[in-house]
Amino acid sequence: MRVLYITSEMAPFAKTGGLADVLGALPAQLQKLGHDVRVFMPAYSRIDRKKYPLSPAPGLEELDLHLGPHRYRIGYATVKQPGTGLTVHLAHCPPLYGREGIYSSDVDEHLRFLALSYAALEACRQSGWAPDIVHCNDWQTGLVPLALKSLYARDPVLGRAKSLLTIHNLMYQGSFPAFTITDTRLQPAAHLFHQDQLRDGRINYLLHGVLYADGITTVSPTYSQEIRTPEHGAGLDHLLRERSSRVVGVLNGVDYAEWSPENDKLIPHKFSAADLGGKEKNKEALLQKLGLPYGAGVPVLGVVSRLVGQKGLDVLLDVAPDLLLRWGFQLTILGSGEGRLEEGFARLQAAFPRQVCFYRGFSNELAHLIEAGADMFVMPSRYEPCGLNQMYSLRYGTVPIVHKTGGLADTVDSTVGVAFDHHDAAGLRWAIETALKLYKDKPTWRRMMLAGMQRDYSWEKQSKVYEQLYERALRV
Ligand code: ADP
């Protein structure tokens, strides 16, 4: 199959979250399986050109793109993905991508990703490379399925392509004023836009992806169910219910080359299910690094997270003081984000200087050390499309304590961790206390650690599920 991926993020070139990790792994896996894949992303100025040198894209000429009254010259470049050798195509246009961040709240945000979408589709036409599948990701590519079904319906190169949309997080939908319909090149298909919305003065990009994609995936089976309910549907649940037969949840994979204790280059002591000795040494190293005293038999809880409301850590702040006093465990938190949460964890550290360390910031190295050195990992997310850290934790024998939602519900059960149903202080307190009691029962605890370490959430496995979905899309 020829598969075209269009994405706003891809690891290691440009990353804000899980989307980049998926694109960093999935296309390369499909290529390994023998498929012909092309990935398009923007040539953001923040991509490190020294580390990732760009080359010209053979056979592709500059594109003169008109989006309503806006005109852009888009060049093409390629870059090799380290480790996989995959060639990635970049849309080069400094007026659009020469900004500090990957995303902006500038008035032309929709134009930045329309340009990416058209740059990818037009490159296929230029080179006569006819994709079987166009795999779109999040709102940034939300109008591509409609473009394929209208503008390109009779195109000799693109006319037969099937579209698949992956929703990585339903909360980000890309909603823009209705007058910008003139920028989309899809005005001749204005009748195919959601009419009530147009009348309300908006165009929601993700909604149109949901309406017109031939297939829709989300990043875990449970999240794929949740987004069809009013509680988690963010206003799109009724449309997702209408298209239920096309909605599938596929759990993200883990890059075990980077995240497994046997060969993790970022931790001081390697270990494995066969020899757990290194785990305790990593715990000592973690506590030493963070300036906390080590005590044999004292459990260490870890958190690595963006500090935002979604992650539910405000509830941890509510229950932590009482639990720390009564149970005497230690808590290490790595993360940054909202001020109220950063201040909350800083205050907690000040109140419990021998038990709590809050490291404010982003550190991949410390993230690895927490996974390796902690005994338990806390993820009380209010919602979680997939979540990666709980899967990393399982591999490191670090027992996850999670809210039973989205991908957390799909990966953590009572044989490998503790999951609580109700997202409130009582629920989280129960879960932490349950884990602390289990920790004292050494044989049971060891069994849980080993069961988690044996789980396989590799991309090798998950990419085959996508392969089957592509094949199915081609049959209908
Ligand atoms: P989300 O994409 O919602 O942030 P995921 O669990 O899917 O949540 O992925 C988060 C990724 O970002 C993980 O790889 C995690 O280790 C990493 N991460 C989050 N915060 C930090 C931080 N402060 N330092 C290092 N890595 C972090």
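This is a short walk through the salt bridges, cysteines and enclosed spaces of one predicted protein model.

Okay, ground rules. It's a predicted model, so local features need pLDDT of at least 70 and side-chain atom pairs count only at pLDDT 80 or more, while totals for chains, interfaces and linings use all residues. Numbering runs from 1 along each chain as its sequence is written, and side-chain values use heavy atoms, with hydrogens and water left out.

Let's start with charges. Side chains of opposite charge can pair when their charged atoms come close. For a salt bridge I'm using a side-chain nitrogen of Lys or Arg within 4 Å of a carboxyl oxygen of Asp or Glu. How many salt bridges does a search of the whole structure find? The count is 22.

Here are some of those pairs. Arginine 99 forms a salt bridge with aspartate 108, with 2.6 Å between the closest N and O atoms. Arginine 99 and aspartate 108 are buried. By buried I mean under 20% relative accessible area; exposed is over 50%, and partly exposed is in between, with a 1.4 Å probe and protein chains only.

Next, aspartate 375 and lysine 283, whose side chains meet in a salt bridge at 2.7 Å, N to O. This pair links distant parts of the chain, 92 residues apart: aspartate 375 is in the loop between helix 12 (364-373) and strand 16 (376-379), and lysine 283 is in helix 9 (residues 277-290). Helices here are DSSP runs of H or I with at least four residues, strands are runs of E with at least two, and both are numbered from the N terminus. Aspartate 375 and lysine 283 are both buried.

Now arginine 340 and glutamate 338: their side chains form a salt bridge too, at 3.0 Å, N to O. Arginine 340 counts as partly exposed because its relative accessibility is 48%, and glutamate 338 is also partly exposed, at 31%. There's also a network, with Glu62, Asp64, Arg71 and Arg73 joined by salt bridges that share partners.

Glu62 turns up again around glycine 75. Glycine 75 sits in strand 5 (residues 70-80) and is buried, at 11% relative accessible area. Leaving out residues up to four places away in sequence, glycine 75 touches Glu62, Leu90, Ala91 and His92, where contact means heavy atoms within 4.5 Å. The C-alpha atoms of glycine 75 and alanine 115 are 11 Å apart, with their positions 40 residues apart along the chain.

On to cysteines. A disulfide is a covalent bond between the sulfur atoms of two cysteines; the cut-off is a pair of cysteine sulfur atoms within 2.5 Å. The whole-structure search finds zero disulfides. Why does cysteine 124 have no bond to the closest cysteine sulfur? That sulfur, in cysteine 136, is 11 Å away, so it's too far for a bond. Cysteine 124 is buried at 0% relative accessible area, and cysteine 386 is buried as well, at 3% relative accessibility.

Last topic: empty space. On a 1 Å grid over the protein atoms alone, a cavity is a set of points where a 1.4 Å probe fits but cannot get out; a pocket is an open set with protein on both sides within 12 Å along at least five of seven lines, and lining residues have an atom within 4 Å of a point. Grid points are joined across faces, edges and corners, and a volume is the space filled by probe spheres set on the points.

The second largest pocket holds about 260 Å³. Its lining includes Leu276, Lys279, Trp445 and Asp375, the last of which is the salt-bridge partner of lysine 283. Helix 9 and helix 16 (442-453) each supply at least two lining residues, and helix 16 gives the largest share, four.

How many cavities of 30 Å³ or more are there? Two. The largest is about 80 Å³. It has 15 lining residues, and Leu114, Ser117, Tyr118, Leu143 and Val144 are the closest to its centre. Helix 3 (109-127) and helix 4 (144-149) each give two or more residues to that lining, with helix 3 giving the most, six.

The second largest cavity is about 40 Å³, and its lining includes Tyr5, His135 and Tyr466. Helix 1 (18-32) and strand 7 (133-137) give two or more residues each, and helix 1 gives the most, three.
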